[in-house]
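I opened my notebook for a slow look through one chain. What would I want to jot down before closing it again?

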Amino acid sequence: MNQLVDGGSPAGPSFTEKQGQYLAFIWTYGLLNARSPAERDMQRFFGVTAPSVHQMVLTLERTGLIRRQPGLARSIELLVEPDSLPRLQPIQSVKSSVQRY
């Protein structure tokens, strides 16, 4: 968690490591594609189920880290400064990248 050694909270936003990775993905995706990611984009990147991504999006919204516009696709807006985000870590694939014929 985001806590200082003395037990106090840092000046920046507070989020878990996993939430930080989702936030970093949203920011990076927007930077590269000039639009917000769809939940399906996050599902593909993180290799998780659609309900898992949706729950994370709801959690990020409920905690005030993102904002969405109801009924509008790709409307996720970050409410945290990009400088406070962790570096996006590559996801290690379980499958082998070598194909055999």
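Here are my entries, going from the overall layout to single residues.

**Entry 1: the overall layout**

I start with a reminder to myself that this is a predicted model. I looked up the secondary structure and found 3 helices and 2 strands in the chain. Read from the N terminus, the order of elements is α-α-α-β-β. I then checked burial and saw that 27% of the 101 residues count as buried. For the surface I noted about 7400 Å² exposed by the chain, with 53% of that supplied by carbon and sulfur atoms. I also looked at contacts with a separation of 6 or more, and 52% of them are between residues 24 or more positions apart.

**Entry 2: helix 1 against helix 3**

At what angle do helix 1 and helix 3 pack? I read off about 90°, with the axes 11 Å apart. Angles of 65 to 115 degrees count as roughly perpendicular, so I can describe helix 1 and helix 3 as roughly perpendicular to each other. Next I listed who makes this contact: helix 1 brings Lys18, Gln19, Tyr22, Leu23 and Ile26, while helix 3 brings Val53, Met56, Thr59 and Leu60. For my own orientation, helix 1 covers residues 17–33 and helix 3 covers residues 50–62.

I picked Gln19 from that list for a further look. Is Gln19 buried or exposed? Buried is under 20% relative accessible area, and Gln19 has 12% relative accessibility, so Gln19 counts as buried. Setting aside neighbours within four places in sequence, I found Gln19 in contact with Met56, Thr59, Leu60 and Leu65. Of these partners, Met56, Thr59 and Leu60 also appear on the helix 3 side of the packing.

**Entry 3: salt bridges**

How many salt bridges does the structure hold? I get 5. A general thought for the margin: side chains of opposite charge can pair when their charged atoms come close.

I began with Arg44 and Asp41, whose side chains meet in a salt bridge at 2.8 Å, N to O. Both residues sit in helix 2, which spans residues 39–46, and they are 3 residues apart, about one turn of the helix. I checked the cover on Asp41 too: the relative accessibility is 10%, so Asp41 counts as buried.

Next came Arg68 and Glu61, a salt bridge with the closest N and O atoms 2.9 Å apart. Arg68 is partly exposed with a relative accessible area of 26%, and Glu61 is partly exposed as well, at 28%. I was pleased to see that this pair has company: Glu39, Glu61 and Arg68 are linked in a network of salt bridges.

Then I turned to Arg67 and Glu77, another salt bridge, with 3.1 Å between the closest N and O atoms. Arg67 lies in strand 1 (residues 66–67) and Glu77 in strand 2 (residues 77–78), so the pair ties together parts that are 10 residues apart in sequence. On accessibility, I wrote down 43% for Arg67, which counts as partly exposed, and 36% for Glu77, also partly exposed.

**Entry 4: a nonpolar patch**

Which residues form a nonpolar patch on the surface? I found Trp27, Leu31 and Leu32, with about 350 Å² of accessible area together. I followed up on Trp27, which is found in helix 1. Trp27 has a relative accessible area of 34% and is partly exposed. Patch members need over 30% relative accessible area, so I was glad to have the Trp27 value of 34% on the page.

**Entry 5: two backbone oddments**

I scanned phi values last. Ala34 has a positive phi of about 55° although it is not a glycine. I placed Ala34 in the loop between helix 1 and helix 2. The relative accessible area of Ala34 is 73%; over 50% counts as exposed, so Ala34 is exposed.

Arg74 went on the page next, with phi near 55°, a positive value in a residue other than glycine. Where is Arg74 found? I located Arg74 in the loop between strand 1 and strand 2. At 30% relative accessibility, I put Arg74 down as partly exposed.

Note on methods
Residues are numbered from 1 along each chain as its sequence is written. This is a predicted model: local features need pLDDT of at least 70, side-chain atom pairs count only at pLDDT 80 or more; totals for chains, interfaces and linings use all residues. Side-chain values use heavy atoms; hydrogens and water are left out. A salt bridge is a side-chain nitrogen of Lys or Arg within 4 Å of a carboxyl oxygen of Asp or Glu. Helices (H or I, at least four residues) and strands (E, at least two) are DSSP runs, numbered from the N terminus. Buried means under 20% relative accessible area, exposed over 50%, partly exposed in between (1.4 Å probe, protein chains only). Patches are made of residues with over 30% relative accessible area and no salt bridge: like charges are joined within 9 Å, nonpolar side chains (Val, Leu, Ile, Met, Phe, Trp, Tyr) within 5 Å. Accessible areas come from the Shrake-Rupley method with a 1.4 Å probe; for residues, only the protein chains shown count as cover. Contact means heavy atoms within 4.5 Å. Axes are lines fitted to C-alpha atoms, for helices over the stretch in contact, and angles run from 0 to 180 degrees between N-to-C directions. Angles under 35 degrees count as roughly parallel, over 145 as roughly antiparallel, 65 to 115 as roughly perpendicular and the rest as oblique.
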